[in-house]
Amino acid sequence: MNSSSPKKQTADLDSPAPFFTKIPPHWLGLIVVAIVFIAVTALTWLKWPDILVDFGPQLYVPWRISLGDVLYRDLKYLPGGPFSQYFNALLFKIFGVSFLTLVLTNLAIVAGMLLLVYRNFLRASDTWTATTLCLVLIIVFAFGQYTQVGNYTYLCPYSHEVLHGLALSILAVVFLSKWLTQKRIGFALAAGFCCGLVFLTKPEIFLALALCVAVAFVLSVWKTNQRSFCLKSSGGFFLAALTPLLGFFFYFHSVEDTHGSWRSVMFAWIPLLESHVTKDAYYLWCLGLDVPAFHLRKMFLHFISLVLVVAIYSVLFRRKNNSRGTRIVLYLSIGILLVASSGFAWIDCGRSLPLITLALGFTLFFVPRSEFPVPRSTVFPLLWTILSFGLLAKMGFFTRIWHYGFALAMPAAMGAIYFLVWLLPRRLEKYGVHFHTFRIASSLALLVGVLRLATQSEFHYQNKNSLIGSGPDQIKVTNPTKSPTDAGIRDAVEWIEKNTSPAATVAVVPEGAIVNYFTRRINPTSYLGWSPPEMEVFGETNMVAAFRANIPDYIVLIHRDHFEYGVNYFGKEPKFGYDFMQWVRQNYEPVLLIGHEPLQDFRFGVKILKALPRKN
C-alpha cells in the first residue's frame with residue numbers, strides 16, 4: 001500500500017492542470033468581458049437606433065458630406081461640433097455609405113473604451129474590480145435602453161459627438177495620468193490633441209475634461225519641482241490642442257470666409273453663446289431646475305441610505321470567530337441585502353452619484369499611497385473622478401443613468417463601483433472589516449441591480465424584430481402591431497422609392513431625416529429638423545425663407561410631439577411652425593396619408609405632399 005503512494009502522487013503532479021488555471025487572472029477577466037460584449041452585441045443586433053427621433057441626421061449628414069456638402073453651410077446641424085460628422089463622412093468615403101459602417105466603427109470604439117477602462121483600473125485595483133466595471137459598462141450603459149426612444153446607446157447615440165467626446169476624454173485621462181506618473185512630454189502632447197478634438201464635439205464634455213486637465217497641471221506643479229518640465233509640457237499640450245481646431249479652420253476657409261470659418265469651428269458653442277435655448281422648459285427639466293428641492297431631497301436620501309447600509313454591514317462583517325452562529329448571521333445579512341436590492345428601483349440609482357463622486361475624490365486624495373497595489377496607482381482614478389464630476393454637471397440636480405446619463409453618468413458610476421468594490425473595503429479592512437466578505441456582498445447587490453436593469457432594457461428590445469432598409473442599411477424596428485410609428489415610416493420610405501424620381505427632393509417635417517437617408521433623396525433647404533431648439537438657433541424666418549428659395553418636390557409630415565419643450569404640435573402655434581404650415585398648405589397638395597392626420601392629436605400618421613406647379 002505504502003509503496004504505491006509515491007507513484008500515485010507523481011502521476012497526480014504530472015497530470016495536466018485545468019485549462020483555466022493556466023490563464024493569468026487578468027487575462028481571464030478580459031476574456032469574460034469579451035464574451036459578454038460579443039453576446040450582448042449578438043442579442044441586440046441592429047436594434048439600437050430610434051428611426052424617428054434624432055438619429056436620422058447621424059446618417060444623412062455624413063452621407064451628404066462624403067458627397068461634397070459643407071457642414072453648417074449646406075447642412076444646418078445643431079447637436080455639436082464638426083469633428084464627429086466629418087469623421088463619419090471619412091468612414092463612408094473609405095468603407096462605403098451604410099448604417100453598418102457606423103455600427104462596426106462604434107463597436108470598435110466601445111471595445112477600445114473597455115480596454116482602457118480595464119487596463120487602467122486593473123493597475124489601480126485588481127482583476128475582480130476591473131472586470132466588474134467593464135461588465136456594468138457593457139450591460140447597463142453601452143447597450144442599455146430604458147425608454148421607448150432608442151437614442152441612448154453607444155452603438156447608435158442621438159449624437160455621435162457624445163460618443164466620440166466621451167471616448168476621447170477617457171483616452172485623454174489615460175494620457176494625463178501617464179504624463180503625471182512617467183514624466184514624458186509625449187503624453188502631454190497626446191492628451192492635448194485629444195482635448196482639441198473633444199472641443200470639436202460637445203461643450204459639456206470639453207468643460208469636464210478641461211477641469212480634469214486643470215487638476216492634472218496643478219498636481220504636476222504641486223508634486224514636482226520640475227518647473228521647466230511643467231512649462232514645456234503645458235506649451236506642448238496647448239499647441240497640440242490647437243492643431244485640430246486649426247485643421248478644421250483651414251478646411252472651412254477653403255470654402256467660405258474667415259468669419260464663417262471660425263464660426264463653423266466654434267459652432268458647438270453657438271447655442272450657449274447666442275441663444276436662450278438652454279433656458280427652455282426641456283433643459284430646465286434635464287438639469288432638475290424645474291423642481292430642485294425634490295431632486296436634492298432624492299440625492300441626499302439615496303446617499304444617506306447608502307451610508308447607513310455601508311455602516312451596518314461594516315459592523316456585521318467585522319472579523320470574528322468562525323462559529324456556526326456567526327456564519328448564520330453572515331448568510332442572513334447577505335440574504336437580506338439581496339432581497340432589499342431586488343426591491344430597489346435601480347433605474348433611479350444615479351441619484352446619489354454626485355455625493356459618491358465627492359466622497360471618492362476625497363478618499364483618493366487623502367488615502368495613504370501604501371494601500372494601493374502599485375506606487376502612484378491613485379493618479380488615474382483621481383483624474384477619472386474629476387472628469388466624472390464635471391460630466392455630472394450637465395444633469396445638474398437630476399443625475400440619472402438613463403437619458404443623457406447613458407454617457408454623462410457612466411464615468412461616475414464606474415467610480416462608484418470602484419469605490420464600493422475595491423477602495424472602501426480596503427479602507428474598512430484597517431478597522432477590522434473582512435475585505436472579501438464586504439466586496440462579495442457589494443458585488444452580489446450590484447449583480448441584482450445589473451440583472452434588473454438588463455431585464456428592463458430587454459423589455460424594449462424584445463419587440464424589435466421587423467426590418468426597415470436593405471443590405472447594410474437594415475435596421476430592426478418595433479413590430480407594426482406594437483408601434484405604428486416605425487411601420488408608418490417604413491411605408492413612407494417604400495412609397496417614395498417606388499413613386500418618385502431618384503432626383504426628386506424631399507424635406508421631412510418636423511423631424512425624420514432618416515427618410516432622406518433611406519431613400520437617398522436630398523433635402524434642398526439644408527434644414528433637417530424643426531425642433532424648438534433648432535428654430536431658436538437658426539430662426540424660423542430663415543428656415544421658411546430657405547424653403548421658399550429651394551422648394552422641395554415633396555414634403556413629408558411625420559407625427560412627432562415636442563411636449564417636453566412646453567409647446568403644442570408643430571404648426572399649431574405662431575412661434576412653432578404656424579406660418580410655415582400655412583405656406584405648405586398654399587403650395588402643396590396631399591398625395592398619400594398613412595394612418596391618421598399627423599400633428600393634430602396623439603394618433604400617429606404620415607402625410608406626403610407634392611409641390612403644386614409653379615406659377616409663372
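Ala, Val, Leu, Ile, Met, Phe, Trp, Tyr, Cys and Pro count as nonpolar, Asp, Glu, Lys and Arg as charged, and the others, Gly among them, as polar. These classes serve the legends below, which show close-up views of a predicted model.

**View 1. The largest cavity has a lining of nonpolar and polar residues, with no charged ones.** The space inside is about 50 Å³. One part of the lining is Gly 144, Gln 145, Tyr 146, Thr 147, Val 149 and Tyr 152. Ile 401, Trp 402, His 403 and Phe 406 line the cavity too. By class, 6 of these residues are nonpolar and 4 are polar. Gly 144 goes with the polar ones, because Gly is counted among the polar residues. A search of the whole structure gives 2 cavities of 30 Å³ or more.

**View 2. The second largest cavity has charged residues in its lining.** It holds about 40 Å³ of space. Tyr 158, Val 162, Glu 204, Ile 205 and Lys 394 line this cavity, along with Tyr 404, Phe 406, Ala 407 and Leu 408. The classes are 7 nonpolar, no polar and 2 charged. Glu 204 and Lys 394 are the charged pair, because Glu and Lys both count as charged. Helix H9 (203-223) and helix H18 (405-408) each give at least two lining residues. H18 supplies the largest share, 3 residues.

**View 3. The second largest pocket encloses about 920 Å³ of space.** Its lining has 35 residues, and those closest to the centre are Leu 306, Phe 344, Trp 346, Leu 420 and Ala 445. Which helices each supply at least two residues of this lining? They are helix H6 (127-142), helix H14 (292-316), helix H15 (324-342), helix H16 (353-366), helix H19 (410-429) and helix H20 (435-461). The largest share, 8 residues, is from H20. By class, the lining is 28 nonpolar and 7 polar, with no charged residues.

**View 4. Helix H7 (residues 160-182) crosses helix H17 (residues 379-392) at roughly 145 degrees.** The two axes come within 9 Å. The crossing is right-handed. On the H7 side, the contact uses Leu 166, Ser 169, Ile 170, Val 173, Val 174, Leu 176, Ser 177, Leu 180 and Thr 181. H17 answers with Val 379, Phe 380, Leu 383, Trp 384, Leu 387 and Leu 391. The contact counts 12 nonpolar residues, 3 polar and no charged.

**View 5. Tyr 282 and Trp 285 form a stacked aromatic pair.** A search of the whole structure finds 58 aromatic pairs. In this one, the ring centres lie 6.2 Å apart. The planes meet at 25 degrees. The pair counts as stacked because planes under 30 degrees apart fall in that group. Both residues belong to helix H13 (residues 281-287). They sit 3 residues apart, about one turn of the helix.

**View 6. A cis peptide bond joins Val 509 and Pro 510.** Omega at this bond is about -5 degrees. Where is Pro 510 found? It lies in the loop between strand S3 (506-509) and helix H22 (514-519). Most peptide bonds are trans.

**View 7. Tyr 72 has a positive phi.** The value is near 75 degrees, in a residue other than glycine. Most residues other than glycine have a negative phi. Tyr 72 is part of the loop between helix H3 (56-66) and helix H4 (83-95).

Technical notes
Residues numbered from 1 in each chain as written. Predicted model: local features only at pLDDT ≥ 70, side-chain atom pairs only at ≥ 80, totals over all residues. Heavy atoms only, no water. 1 Å grid on protein atoms, 1.4 Å probe; cavity = no way out; pocket = protein on both sides within 12 Å on 5 of 7 lines; lining within 4 Å. Points joined across faces, edges and corners; volume = space filled by probe spheres on them. Helix = DSSP H or I, 4+ residues; strand = E, 2+ residues; numbered from the N terminus. Axes fitted to C-alpha atoms, helices over the stretch in contact; angles between N-to-C directions. Left-handed = near helix turned anticlockwise from the far one by under 90°. Contact = heavy atoms within 4.5 Å. Phe/Tyr/Trp six-rings, centres within 6.5 Å; stacked < 30°, edge-to-face > 60°.
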